[in-house]
Amino acid sequence: MTLQNVLPWILRARQECWAVGAFNANTLEQAQAIVQAAQAEEAPAIIQVSHRALTYIGSGNEIQGLKYIAAIGKVAAESVTAPIALHLDHGMEREVLQALALGFTSVMFDGDGYSFEENISITKRLCEAAHSVGACMEAEVGEVPKPDGKEFDGSAIALTQPEEAVQFTEATEIDTLAVALGSVHGLKTKQISLDLECLAAIRSRVSIPLVLHGSSGVSDNDIKLGIAMGLCKVNVATQLNQAFTGAIRDVLNGDGDLVDPRKYLAPGRNAQMEIVRERIRFFGASGKAR
Ligand code: G3H
Ligand code: 13P
Ligand code: ZN
């Protein structure tokens with residue numbers, strides 16, 4: 001299929017209390033694994049690419065990275081019959097505009113580092129641009145920290161304030177809202193409990209679909225409860241990287257003479273496909289595109 005706007009799937013997920021999985025890719029093999037998993041599970045899925053992944057793919061030039069990923073995402077989506085969206089994850093303003101011009105069907109503006117008012121005004125502008133090409137727009141209020149392996153102060157996490165969430169969604173007309181409920185990006189173990197009271201307070205006042213970032217570090221029990229309470233797009237990156245890299249490490253550890261990259265990248269791709277399948281099933285999305 002051609003790349004799809006994922007919003008109708010997310011809206012359906014909200015009605016039926018399941019979630020669309022949004023899976024980060026940094027390499028061709030990781031993107032392939034996502035669409036293969038969606039196909040095997042007969043589920044909608046989102047390939048998403050972060051600012052840092054774009055910089056990596058474009059060898060330092062994120063606009064070049066966007067061009068590569070736009071082409072890879074299109075071919076990957078067309079290789080399967082499952083509905084696939086291509087999403088820019090944590091984008092900067094100019095990346096969002098470039099992604100929309102290149103055919104991404106979904107974009108997120110990351111207003112980290114901007115004041116609440118600036119975040120509103122940039123998001124509103126980008127939202128108009130996204131809607132003018134039929135793409136889905138996500139933005140964030142509050143902060144899901146990105147410690148990148150460094151220590152972080154859990155008490156300093158800025159949870160999404162329900163009143164700000166209301167103000168932000170009304171002012172910007174975004175389609176989906178990323179909320180900070182205590183999760184942290186990039187954790188390698190499931191050690192976080194979500195603030196479900198905060199989620200309930202936001203849910204009672206904001207009607208648009210809510211997005212969970214940093215799911216790799218969140219207990220599965222809380223992800224399940226969160227989905228039942230209205231989280232309907234769940235982002236996964238670190239868990240996929242662990243599976244991908246772990247499989248490659250095993251192959252290389254077992255054969256010090258191996259030099260053909262296909263012999264270790266294929267197991268990496270396969271391991272990533274299995275974890276994406278498992279997450280799709282866990283989110284309740286399996287069979288929804290049947
Ligand atoms: O939210 C971002 C994802 O966890 C990807 O992280 O910046 O290392 O690509 P990254
Ligand atoms: P994790 O790497 O913690 O799964 O976070 C994924 C994410 O939020 C991508 O936007
Ligand atoms: Zn994120």
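Colleague: In this predicted model, which residues surround ligand 1?

Modeller: A shell is read as a list of neighbours, and here ligand 1 is surrounded by Asn24, Ser50, Arg52, Asp89, His90, His185 and Ala237. Sorted by class, that shell has one nonpolar, four polar and two charged residues.

Colleague: Which side chains place a polar atom by an oxygen atom of ligand 1, and at what distance?

Modeller: A polar contact is a pair of N or O atoms within 3.5 Å, and with that cut-off in mind one can go through the side chains in turn. Ser50 has a polar side-chain atom 2.6 Å from an oxygen atom of ligand 1, while for His90 the corresponding distance is 2.9 Å and for His185 it is 3.0 Å. As for burial, ligand 1 taken alone exposes 300 Å², of which the protein buries 76%.

Colleague: What kind of space does ligand 1 take?

Modeller: The space taken by ligand 1 is the largest pocket, and that description also applies to the space taken by ligand 2.

Colleague: Then let us turn to ligand 2: how many residues are around it, and which come nearest?

Modeller: There are 15 residues around ligand 2, and those that come nearest are Asp89, Gly214, Ser216, Ala237 and Thr238. Of these, Asp89 and Ala237 are also listed in the surroundings of ligand 1. By class, the shell around ligand 2 divides into three nonpolar, eleven polar and one charged.

Colleague: Where do the polar atoms facing the oxygen atoms of ligand 2 sit, in the backbone or in a side chain?

Modeller: One should look at each pair separately, since both kinds occur here. A polar backbone atom of Gly186 is 2.9 Å from an oxygen atom of ligand 2, and a polar backbone atom of Gly214 is 2.8 Å from an oxygen atom of that ligand. For Ser216, by contrast, an N or O atom in the side chain is 2.6 Å from an oxygen atom of ligand 2. Taken alone, ligand 2 exposes 300 Å², and the protein buries 96% of that.

Colleague: Which elements give two or more residues to the shell around ligand 2?

Modeller: They are β3 (84-91) and β8 (231-236).

Colleague: What is the mean pLDDT of the chain, and where is confidence lowest and highest?

Modeller: The chain has a mean pLDDT of 97, with 100% of its residues at 70 or more. Confidence is lowest in helix α3 (residues 51-57), at a mean of 97, and highest in strand β1 (residues 20-24), at 99.

Notes
Residues are numbered from 1 along each chain as its sequence is written. Chains are lettered from A and ligands numbered from 1 in the order in which they are written. This is a predicted model: local features need pLDDT of at least 70, side-chain atom pairs count only at pLDDT 80 or more; totals for chains, interfaces and linings use all residues. Side-chain values use heavy atoms; hydrogens and water are left out. A residue is near a molecule or strand if one of its heavy atoms lies within 4 Å of it. A polar contact is a pair of N or O atoms within 3.5 Å; within protein, one must be able to donate a hydrogen and the other to accept it, and residues adjacent in sequence count only if both atoms are side-chain atoms. Accessible areas come from the Shrake-Rupley method with a 1.4 Å probe; for residues, only the protein chains shown count as cover. On a 1 Å grid over the protein atoms alone, a cavity is a set of points where a 1.4 Å probe fits but cannot get out, and a pocket is an open set with protein on both sides within 12 Å along at least five of seven lines; lining residues have an atom within 4 Å of a point. A molecule sits in a cavity or pocket if more than half of its atoms lie within 2 Å of its grid points. Helices (H or I, at least four residues) and strands (E, at least two) are DSSP runs, numbered from the N terminus. Ala, Val, Leu, Ile, Met, Phe, Trp, Tyr, Cys and Pro count as nonpolar, Asp, Glu, Lys and Arg as charged, and the others, Gly among them, as polar. pLDDT is the predictor's confidence in each residue, from 0 to 100.
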